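Q: Could you take a close look at one part of this model with me? I'd like to go through the ligand site.

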Amino acid sequence: MKELQTQPQHGLHGKITVPGDKSISHRGVMLGAISEGQTVLHHFLTAADCLSTLHAFQQLGVPIKRDGQTVTIEGVGLHGLKQPVRPLDMGNSGTTTRLIMGLLAGQAFDTKLIGDASLSKRPMRRVSEPLAEMGAHIDVSDGHLPATIHGSQLHAVDYHLKVASAQVKSALILAALQADKASIFVEKQPTRNHTEMMLKAFGAEIDCEPDEVTLTVHPAPKLTGMTLTIPGDMSSAAFFVTAASLVENSEIQLMDVGINKTRTGLLTILERMGGHVQVTNIRRHGEPLADIMVKSADLRPITIGSKEIPGVIDELPLVALLAAKANGVSKISGAGELRIKETDRIAVIVEEFKKMGIAIEEQPDGFVIDGTKPWHVTNPQLSSHGDHRIGMVMAIAALLVDEPLTLDGADSINISYPEFFNDLTKLL
Ligand code: S3P
């Protein structure tokens, strides 16, 4: 049980650098492992999820060393992975699980994947079924982990994705590298494109059409290791973007944050709500990055539908918090994917927000939130429900009340942001 900081007297001030991007850290290890030669990752995210990826590839026979936030990988090539002696433990990480399924589906050995209780409830057929169309054999008991991947000869496909999911798309891309000829994938909507961008930088041939949803993946690339500095994670910066917008008299700077346009949905939404956000010093090291300045603002309500969801999927609980202080009624719909994250994030946000007296209504695929109703704490014992992002959202929500609050399950924050409370303290 952690006591939370409530109502800071003078707002949030100062400058921080958030940790490395989670999606890019996972992919850096994976692509480094299947490349030829050395890959060095600087500003790697040393949180539990990315360590699950790192340990899995060590067990697949890849020499990997970590010194703080620097990871050095001696790549073994696309066909150099070895059968692990034990099942690979995916921990809590959906990204590790789904991407590794695509990569190992075309290897010459079988692998068993296991995960923690939350991950073992998350749907895996969304990956195993499209991979089966490429000739993969993956046994997912009941649609969930544990899973056994039987390494198979893969063939090319022309496939329209059924869900807007970067994890599913990435699994298919990694499988397509091992197919007999070029595969074509068409997404329902654009989703984060780190796999495509990074694979191209490592030497793969991937054609992305201007429609942003069609890509052609050519097989058997010569991937060459590289040195990469991972930008700050927009999804981690998002907690402080939200906090500084909502806590009166705040002005903060977030340095070196990745601003890939498939990830900046929160900034676009906040701008529409009347937020004060300035993105400066934009530059490119492979992925684009920038410094972000945020000041407190009076916010307008917002309506968000399915089109915008992929670009803000991990930040939707924060959008709900912004809406809970806006001067009207906000509606978020088309966000049914939230129900199959680390927790059912629609149900859990409604439960936790109600403890603070927030006027929020649960919808099958989102929320309706009336920001004009005053908050009143009805239960001061908040909970993360074991979900890292829920824990951090509630810690930010606590800054907006003046009664003592506690958070159960604060440890889960280590999944993506072990330094979260230290960084928050730096801004107080
Ligand atoms: C991720 C994709 C998203 C996101 C997750 C990371 C990735 O999941 O929610 O935190 O790195 O590809 P979905 O593919 O399920 O939308």
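Which residue has a polar backbone atom 2.9 Å from an oxygen atom of the ligand, and what else is around there?

A: That's Gln 167, whose polar backbone atom is 2.9 Å from a ligand oxygen. Keep in mind that this is a predicted model, where local features need pLDDT of at least 70, side-chain atom pairs count only at pLDDT 80 or more, and totals for chains, interfaces and linings use all residues. Residues are numbered from 1 along each chain as its sequence is written, and side-chain values use heavy atoms, with hydrogens and water left out.

Two side chains also reach ligand oxygens with a polar atom: Ser 165 at 2.6 Å and Arg 27 at 2.7 Å. Taken alone, the ligand exposes 390 Å² (Shrake-Rupley, 1.4 Å probe), and the protein buries 94% of that.

The shell around the ligand (a heavy atom within 4 Å) includes Ser 23, Thr 95, Ile 313 and Lys 341. Helix 1 (22–33) and helix 5 (166–176) each give at least two residues to this shell; helices here are DSSP runs of H or I, at least four residues.

Asp 314 is in the shell too, and UniProt, in an unreviewed entry, lists Asp 314 under "active site"; such annotations may be inferred rather than shown by experiment. Asp 314 is buried (under 20% relative accessible area), at 12%. The Asp 314 side chain makes a polar contact (N or O atoms within 3.5 Å, one able to donate a hydrogen and the other to accept it) with the side chain of Arg 192, at 3.2 Å.

Technical notes
Buried means under 20% relative accessible area, exposed over 50%, partly exposed in between (1.4 Å probe, protein chains only).
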